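Me: I have just opened this structure and would like to look closely at a single part of it. Could you take me through that part slowly and then link it to its surroundings?

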Amino acid sequence: MASPRTSFWDAIVVGGGHNGLVCAAYLAKSGRKVLVLERRHVLGGAAVSEEIFPGFTYSVCSYVVSLLRPWIIRELELARFGLELIPLEASFLPLPDGRSLLRGSDAAQTLEEVSRFSRRDAETMPEFARAMSKIGQFVKPIIDSPAPDPASLAPRELLALLRLGRHFADASPDEMELRLKLLSMSAVDFLDEWFESDVLKGPMSVSGIIGTFLGVRSPGTAYVLLHHYMGEIDGAFRSWGFSKGGTGGVSRAIANAAQHHGAEMRTEAPVERILVADGRAAGVVLASGEEIRARAVVSGCDPRRTFLSFVGAEHLPDDFVADIRRYRYRGSSGKVNLALDRLPEFACRPGEGPHLRGDIAIAPGVDYLERAYDDAKYGTFSRRPYINVVIPSTVDPSVAPPGKHVMSCFVQYAPYEIAEGPERWPEKREAFGDAVVDTLAEYVPNLRESILHRQVLSPWDLEQEFGLAEGNIFHGELTLDQLSFLRPAAGFARYRTPLERLWLAGSGAHPGGGIMGAPGALCAKAMLQARAV
Amino acid sequence: MPRPTPFHPRTSALCTSLFYKEWAGCYAVRRYDVYVDREYYALRHQATLMDATPLYKYEVRGKDACELVTRVTVRGFEGHKVGRVSYVCWCDEHGKVLDDGTVTKLALDHFRVTSAEPALAWLERHARGLDVKITDASRSLAALALQGPRSRDVLRGLIGSSIDGLRFFRAMPVRFPGPPAFDGWITRTGYTGDLGYELWCANEHALHLWDAVMECGKPFGLLPMGLDALDVSRVEAGFVLGAVDYTSARIAFIEKQKSTPFELGFDWMVEIDRADFVGREALRAEKERGPARRLVGLEIDWDEFEAIYAAFGLIPHLATETSREPVPVYDGGRQVGYATSRTFSPTLKKYLALATVAAEYAKPQSELRIEVTCEYERRTATARVTPTPFLELERKKS
């Protein structure tokens, strides 16, 4: 039964996450009639702000804006539609022995801080940052354009490959060595070549494992380190930041832009399946039974849900289905959100300060992180996990009542596959939350009595509530074999799928996860270029 | 040597960067912390407090006070209600801008004029034969700019809900709580394009005022702010700055350096058809003729800008501050103007400039080229004429 206003759509976007919304905004801006269908009551997917506890707005899942592409902000005029970003000021590492390390925007102070652990490391830091920025420059065109197609002989493809090749060839032998090491080594091995202090290597190596089921000593994790330095590539843009009103603010601004251009949004409209007619995607069927047809269907959901649940293996080539089944998720993280009646007081650095206005890492050394991984390998959450804490209310008072605060804790490892089976997570959830609070309380003695409310999300919850397969925050692990022209499957990294008129715009497409917006924007551009809508 | 303002004991204790400049003969903080971004973001998301005392301030009192300010500025104040604040400029007899500032009608016979340059001699010159008394309050009246989305919340804590009734560009007398309580004024004005207020009181109460506002600001993340963050926000708001974006006719050495209000985009404030005022006939002629050049907003094409840097293997890093180094603006190879203030807007993620260009290029969306120097080499990038304010915030007037 089609309602009158849905009689004709150029495109239906399944899933109102930030990438789906970006895609919808671009299509609508080009004059296409677009409908976004979101299963939940609120848009944003994992980039969502919700007032779970009265007066306190949690960035429920993703908590910092990483690498939101500046060209998307400009092209969609997101500032005009309400986007406001506040950069993270510093990275803070409290230590259980009462020492601590603050790496911040004040270069001279950072040098002093690192010097207390290693004078040599302090002096090496700027050189390391420069080397990483140079590699970032090489990576930037890769994340800002569709993945190369190495199998194609089309002149445009060859030119694109040539350009990439020239980037490689132009590199000095030193840079080449660095790139190859970055692609193959573990985060810790790579950092060992630069630094001596465990206190520095702990919090630095950890960016290599975010969203993967790997340890800081697992080969291949060095590459993901780069992500942390990618903020540099955007120069003046300083990409790592808080969004005003929580990460849902990003989604709201994008949705506002899309609606301004005529896109329509429906929440609480869960899609049951994608309609296939004559071997092509023809629309969707909602859980309510409502059928909506369109010239093209875009999925902002992860590849497993998109292809195996919405489409069905029977409509897809066997080898593609095999690839999608092999595509790894292995969610390894959870989230704990706290409402606090006061600012947390770190034993090692009492009082207010820049250390509370950036990200705070519970990562006191490489062995600590490796032990946290050990727990996960054997099917349990880490007793003493890596925690990435932010307190956005310190720079954005709109998310908490005056004088009160919200604390967001990203926690790794919390494996989706616990020994008892993922469906047993609800029984473990609060114990997991306790482990997180217990760990934090070792650094913030007054934490427990200041907690007004606690929200705990296991990877199972992330899957059930937000539709993230196996709770993977990036729609699939960000490992080299699942990036670029291999994401999500060889031959289908260009947002096109084996099912004609079905497109993939989520983080499971190139260039991957994070509140980047690139998959959604590049998908829309590919669709428009192909005159698919 | 610059002199301290009455807030100096507080501001100097907080200014850990020791980064000052001279403003109208006073010490003025450029940034409290080496990390200036924090002040900018506090302004746009929380609230900030800035010492605005160095502004020149004049009290014009007497039966003919209204006549004087009406005679010397380009606007008339007869019909204005008490409590209204007006942004104005004033010109010499040739219609060339001397300065811009505010005129507040505090009572039928009491006006307060603020200006960037000293104006006492000029006001007195035009007061001959009028029943007015002009007092230079520049060194006796302290001023604080409380700006940002939470500024109203801060003031509610200070003086209660009476602040809610204060509309955009209005003034109200206030009894600030003590002990001891003291009198002053609050105006809903500012130079940031954000929701904001300016607080005025006699010097001797300045520290009380500072302490009380800072205390009320704690739950709202109130931060002290210096001039660097202000300079970024005022470009986003499209506000011109005397001595940067234009030269006062008072000190211009040659005619070319002088500007008319129409050239500066002050058309809206010039009320030609009313009682005579200084420069009226020249302005009437200029209005009919149309200005030869115009101050406009420019948006620099970021992709081109980035490409200039990329050609050298560099990434453009722009600090959160406004460059006041003028650069030429071209149409093809011909220079048609100059940009006087350039800033990267952290909110809009755009590289912006205020520029003066020949009138025929002032139409929105006109494509010009702006000089960009990279690695000591000169290049140009596309710059599009863009209406100002670049950043329009609803809360400014709400």
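Where in chain A is the place of A:His475?

Reply: Happy to help! Please keep in mind from the start that this is a predicted model. A:His475 sits in the loop of chain A between α16 and β19. Its backbone deserves a look: A:His475 is not a glycine, yet it has a positive phi, about 55°.

Stay in that loop for a moment. A:Pro488 also lies between α16 (459-466) and β19 (502-504) of chain A. The peptide bond that leads from A:Arg487 to A:Pro488 is cis, and its omega is near -5°. The loop between α16 and β19 therefore gives you two backbone details to find on screen, the positive phi of A:His475 and the cis bond into A:Pro488.

There is another cis peptide bond to visit in chain A, the one joining A:Gln412 and A:Tyr413, with omega about 15°. A:Tyr413 has its place in the loop between β17 (405-412) and α14 (425-441) of chain A.

Now let us step back to the domains. Chain A is divided into domain 1, made of the stretches 4-47 + 67-84 + 243-327 + 473-529, and domain 2, which covers 127-236. The centres of these two domains of chain A, taken over C-alpha atoms, are separated by 27 Å. Where they touch, 20 residues of domain 1 of chain A are in contact with 18 residues of domain 2 of chain A. On the domain 1 side, helix α17 (residues 518-529) of chain A gives the largest share, 3 residues. Sorted by class, that side of domain 1 has 12 nonpolar, 5 polar and 3 charged residues.

Next come two helix pairs in chain A. A pair of packed helices is described by the angle between the axes and the distance between them. Start with helix α1 (residues 18-29) of chain A and helix α10 (residues 248-260) of chain A: their axes come within 8 Å and cross at roughly 20°. Angles under 35 degrees count as roughly parallel, and so α1(A) is roughly parallel to α10(A). The crossing of α1(A) past α10(A) is left-handed. From α1(A), the contact uses A:His18, A:Leu21, A:Val22, A:Ala24, A:Ala25 and A:Ala28, while α10(A) brings A:Val250, A:Ser251, A:Ile254, A:Ala255, A:Ala257 and A:Ala258. By class, this contact of α1(A) with α10(A) has 10 nonpolar and 2 polar residues, with no charged residues.

The other pair is helix α8 (residues 198-205) of chain A with helix α13 (residues 366-377) of chain A, whose axes come within 8 Å and cross at roughly 40°. That angle makes α8(A) oblique to α13(A). Here A:Asp198, A:Lys201, A:Gly202 and A:Ser205 of α8(A) meet A:Val366, A:Tyr368 and A:Leu369 of α13(A). The classes in the contact of α8(A) with α13(A) are 3 nonpolar, 2 polar and 2 charged residues.

Let us now move across to the partner chain. The contact between the chains takes 23 residues from chain A and 22 residues from chain B. On the chain B side, helix α2 (residues 37-45) of chain B supplies the largest share, 5 residues. That side of chain B has 11 nonpolar, 5 polar and 6 charged residues.

Chain B has its own domains: domain 1 (8-55 + 139-225), domain 2 (57-137 + 260-289) and domain 3 (293-395). Between the centres of domain 2 and domain 3 of chain B, taken over C-alpha atoms, there are 33 Å.

Chain B also offers a helix pair to look at. Helix α5 (residues 151-159) of chain B packs with helix α6 (residues 206-217) of chain B at an angle of about 120°, and their axes are 8 Å apart. α5(B) and α6(B) make a right-handed crossing. You can pick out B:Val154, B:Gly157 and B:Leu158 of α5(B), which meet B:Ala212, B:Val213, B:Cys216 and B:Gly217 of α6(B). The contact of α5(B) with α6(B) holds 5 nonpolar and 2 polar residues, and no charged residues.

Finally, here are the confidence scores. Chain B has an average pLDDT of 96, with 100% of the residues scoring at least 70. For the model, the scores are ipTM 0.86 and pTM 0.91.

Note on methods: Residues are numbered from 1 along each chain as its sequence is written. Chains are lettered from A and ligands numbered from 1 in the order in which they are written. This is a predicted model: local features need pLDDT of at least 70, side-chain atom pairs count only at pLDDT 80 or more; totals for chains, interfaces and linings use all residues. Two residues are in contact if their C-beta atoms, placed from the backbone, lie within 7 Å. Helices (H or I, at least four residues) and strands (E, at least two) are DSSP runs, numbered from the N terminus. Ala, Val, Leu, Ile, Met, Phe, Trp, Tyr, Cys and Pro count as nonpolar, Asp, Glu, Lys and Arg as charged, and the others, Gly among them, as polar. Domain bounds come from an automatic or database domain assignment. pLDDT is the predictor's confidence in each residue, from 0 to 100. Axes are lines fitted to C-alpha atoms, for helices over the stretch in contact, and angles run from 0 to 180 degrees between N-to-C directions. Angles under 35 degrees count as roughly parallel, over 145 as roughly antiparallel, 65 to 115 as roughly perpendicular and the rest as oblique. A crossing is left-handed if the near helix is turned anticlockwise from the far one by less than a right angle, and right-handed if clockwise.
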